[in-house]
Each structure stands twice: as C-alpha cells, then as structure tokens.
Amino acid sequence: MMYASVITEPQQMVTGFFPSYRSDEEEVDRQTRAAGAAGLGPAWDEHQTTWGLQATRANWSLLTGRDVKIAVLDTGVDTDHQDLAGCIHQTASFVPGSTVEDGNGHGTHCIGTAAGPGKADHTIRYGVAGDARVLAGKVLNDRGRGPDGQILLGIAWAVEQGARVISLSLGSPVEPGELFPQVYEIAAQRARRHGTLIVAAAGNSSRRPHFVAPVERPANCPSILAVAALGKDLATARFSCGAVNGRGGEIDIAAPGVEVFSAAPDDTYQTLDGTSMATPHAAGVAALIAEAHPDASAADLGTRLVSGAYPLTHSAKDVGSGLLQAS
C-alpha cells in the first residue's frame, strides 16, 4: 500500500488524501481479517444499508440533515452523479486551471458517505445525511495533492458559505513530538467562531500492531476533531494513526473506515479503506446533530458528537471516546 507522501516545497507544504489498500499483500490481509471478524464482531447484513450506517445507527435516525450545509474539501465531485446531483448546493475549485469535477474519485466517495441519498434508487443506502446541502470544494488535484494555501482558501470559503461542518479527508504525516500547525489552528478557531465545526482524518501511516504513527496534520490541531478508522470487527484499523503526540494530537472519535461502499465518478460505486472514509461518517452525523440543534455553537456540536459515542474496549489513544453514533 502506498500512501500520499509529504512533499516539501519552498514556503509550502503539499498535503494529500489517504487512499485505500490495493496491493496483493494487503488484499490477502484484508481477507484474513474479514474471516477473523466474522467470529469476533457483529454480523453486518449489507443488502439494504452499508455496515458503516448500521454501526453508527445512522440508518435508524429520524434526522436527515435537512438544509444543513456540509463542506467536503477534497478532490472535487462528479457533479452529474445520479445519486449526488441533487445534494450539491455549491461548488468551487481552488486548484489552478481545474474545474470542480473529480478526476480521482476520492472526493466523490467522501461526499457520498456524508450526504448520499437516504433512499438510493440504484444501490444500497450509503449516505448518512441524505437531505444535507453539500458545498463541494476542490482543494486537491486529481492526483490527490495540494498545498496548504488551497486547503486554507477552501476552509475560508466554506465558512463564508455558512457550512455547519467541514470534512477534511486529507493530511500529511508528522514526527513524534511535532507541534500542530498554527495556521490551521487559527483557521479552525475562526471557523468555530462562525459556527463551523471541522472534522479531519487522523491519518493512515500506522502499521499496527508493531507501529502506531502520530495523528497527522491538520487533524492534530486542538480545534479540529480527529477521526480514527474502525474495521467491521469494530477494532482499530491497522493503518489508523493514534495519540502519540501531546495537545492536539489526540483521537477524538472513531468511525467505520474499512470496506466502505460509496459513490464514484461516472455513476459508479467503489469500496475503499481509510480514515478518509471514517471522516465523512462523522461529518454526516454532525449534520444530523446540527439539524436537531440549529442554535448549537460549533463547540457544542463537537461536544455532542464526541459525548454521544458508544464506548469501546480499546484505548482512548486509538479510538477517542468510542464509536460514532447518530442516535
């Protein structure tokens, strides 16, 4: 498995998304884990609803995120996708010379998980907040890369457009002991003052059980909620980063991030792994909370999201408060 690497250029950091497993070795490992999970974890029936929606109880919620704005800042979106065209409220590209169209698939997948239709005509249900309004910002190019400047512009745009939650399935690795980036913390604090909660992927650099990497940037900011990934057995995904560093480097909550089914470009679908896949689950549930509590501050949304988690037996360093819950 190759992850997006950190590329340092003069005066800027290039950030990438967290792609899924695809090597032969990892596919064998996936099948082994799946076989083991059958005897260790819940039995998920995905004939009608994805296991992620079942695990988070989103499929039982009477809330739909109606009229709540979710900003997904990623590789863009397939604006013509049969399932997503109706939920796209506004789009913007911050990648020079590029439209918002998604030539990668990562952004479309994340948007599908956060706000795909409550009743999909062509497949099973896979979206958390089907009546949310999506602000799709392209901040990464079609290779899944982009400088901090583009991402920060996307955050500012989302806040200006009234997003209640921003979903960031992107990041860069950090070293043990490295402090969180002030520029993202300042942006996140400004977003909170305007009522916008930011959730971000914790990162995929771990190789559990032998190596646990620190929560990556910008998820390691104190004012951004870091989302870890769980497998179908509700154990921490082997790639999911953990609380190695100090203030800001904690895991806040965990969500389904293995074998996650969602939308893909050209009216298709795909199944991916990653903390990237866990994060839009959290963004979608935050939208449900915002619908139920329209006057809640961003800090209150975050508190409700974290405090409503289902406790797990794993260490808080790996899963935070536990498994994300919608009801």
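The questions and answers below concern the cavity and the nonpolar cores of a predicted model.

User: How many cavities of 30 Å³ or more does a search of the whole structure find?

Analyst: The search covers the whole structure and counts cavities of 30 Å³ or more. The largest cavity has a volume of about 30 Å³. The number found by this search is 1.

User: Which element gives the largest share of the lining of the largest cavity?

Analyst: The residues lining the largest cavity are T50, W51, G52, L53, Y126, P256, V260, F261 and H281. Two elements, α2 (51-56) and β12 (260-264), each give two or more residues to this lining. The largest share, 3 residues, comes from α2.

User: How many residues of the lining of the largest cavity are charged?

Analyst: The lining, which includes W51, Y126 and H281, can be divided by residue class. It holds 6 nonpolar residues and 3 polar ones. The count of charged residues is none, written in the division as no charged.

User: Which helix gives the most to the largest nonpolar core?

Analyst: The largest nonpolar core has 52 residues, and those with the most contacts inside it are I70, I111, V199 and L305. A contribution of 10 residues, the most to this core, comes from the helix spanning residues 275-292, namely α6.

User: How many residues does the other core have?

Analyst: In the largest core, I70 is one of the residues with the most contacts, and, leaving aside neighbours within four places in sequence, I70 is in contact with residues including A114, V165 and A287. Apart from that core lies another, with W157, V215, A228 and A254 among its members, and its size is 38 residues.

Technical notes:
Residues numbered from 1 in each chain as written. Predicted model: local features only at pLDDT ≥ 70, side-chain atom pairs only at ≥ 80, totals over all residues. Heavy atoms only, no water. 1 Å grid on protein atoms, 1.4 Å probe; cavity = no way out; pocket = protein on both sides within 12 Å on 5 of 7 lines; lining within 4 Å. Points joined across faces, edges and corners; volume = space filled by probe spheres on them. Helix = DSSP H or I, 4+ residues; strand = E, 2+ residues; numbered from the N terminus. Nonpolar A, V, L, I, M, F, W, Y, C, P; charged D, E, K, R; others polar. Core = buried A, V, L, I, M, F, W, Y, C linked by side-chain atoms within 4.5 Å. Buried < 20%, exposed > 50% of the residue type's maximum accessible area, 1.4 Å probe, protein only. Contact = heavy atoms within 4.5 Å.
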